[in-house]
Amino acid sequence: MMEENDVLAIDGDQDRFLNYLSATKGEDPVGAQMELADWLMGEEPADAVMDPTRDNARIAASAQNIPAGEVPSNDDKHFGDDNTPEPPLARAS
């Protein structure tokens, strides 16, 4: 089982980490290298994505998802869904 202090002591040295990973998991170094490569290509962990220090960069990057001509601060009626009826909130008695 991996110990946090052992991993921290590796201090970012990928070769040392691969040796530690293969020894800890009981697999050959090539298998550990493939596992690390898969992990590096995977999705970002939620705690990294939600880190408040990255908010401004995420907000700026979100602009690529807004179609041309739309202004995010506009009222919803400016986003092309103003002809959609509102769903009923409750039944009339």
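Helix H2 passes helix H3 in a right-handed crossing, and this pair is a good place to start looking at the predicted model. H2 covers residues 14-25 and H3 covers residues 29-41; their axes lie 9 Å apart and meet at an angle of about 110°. That angle makes H2 roughly perpendicular to H3, because values from 65 to 115 degrees fall in that class.

If you would like to trace the contact by eye, begin on the H2 side with Gln14, Phe17, Leu18, Leu21, Ser22 and Lys25. Their partners in H3 are Pro29, Ala32, Gln33, Glu35 and Leu36. Sorted by class, the contact of H2 with H3 holds 6 nonpolar, 3 polar and 2 charged residues.

Next comes the nonpolar core. The largest one has 7 residues, namely Ile10, Phe17, Leu18, Tyr20, Leu21, Ala32 and Leu36. H2 and H3 are the elements that give two or more residues to this core, and H2 gives the most, with 4 residues.

Ala32 is worth a closer look. This residue sits in helix H3 and has 0% relative accessibility, so Ala32 counts as buried, the limit being under 20%. Its C-alpha atom is separated by 6.2 Å from that of Leu21, although the two residues are 11 apart along the chain. Leaving out residues up to four places away in sequence, Ala32 touches Leu18, Leu21, Ser22 and Glu27.

Ser22, in helix H2, is one of those partners of Ala32. With 10% relative accessibility, Ser22 also counts as buried. Apart from neighbours within four places in sequence, Ser22 is in contact with Glu27, Asp28, Pro29 and Ala32.

Tyr20, a member of the largest nonpolar core, has its own set of partners. Not counting residues up to four places away in sequence, Tyr20 touches Met1, Met2, Glu3, Asp6, Val7 and Ile10. Among these, Ile10 belongs to that core as well.

Finally, have a look at Asp11, in the loop between helix H1 (4-10) and H2. Its phi is near 55°, a positive value in a residue other than glycine. Most residues other than glycine have a negative phi. Asp11 counts as exposed because its relative accessibility is 67%, and exposed means over 50%.

Here are the accessibility values side by side:

| Residue | Relative accessibility | Class |
|---|---|---|
| Ala32 | Ala32: 0% | buried |
| Ser22 | Ser22: 10% | buried |
| Asp11 | Asp11: 67% | exposed |

Technical notes. Residues are numbered from 1 along each chain as its sequence is written. This is a predicted model: local features need pLDDT of at least 70, side-chain atom pairs count only at pLDDT 80 or more; totals for chains, interfaces and linings use all residues. Side-chain values use heavy atoms; hydrogens and water are left out. Axes are lines fitted to C-alpha atoms, for helices over the stretch in contact, and angles run from 0 to 180 degrees between N-to-C directions. Angles under 35 degrees count as roughly parallel, over 145 as roughly antiparallel, 65 to 115 as roughly perpendicular and the rest as oblique. A crossing is left-handed if the near helix is turned anticlockwise from the far one by less than a right angle, and right-handed if clockwise. Contact means heavy atoms within 4.5 Å. Ala, Val, Leu, Ile, Met, Phe, Trp, Tyr, Cys and Pro count as nonpolar, Asp, Glu, Lys and Arg as charged, and the others, Gly among them, as polar. Buried means under 20% relative accessible area, exposed over 50%, partly exposed in between (1.4 Å probe, protein chains only). A nonpolar core is a set of buried Ala, Val, Leu, Ile, Met, Phe, Trp, Tyr and Cys residues joined through side-chain atoms within 4.5 Å.
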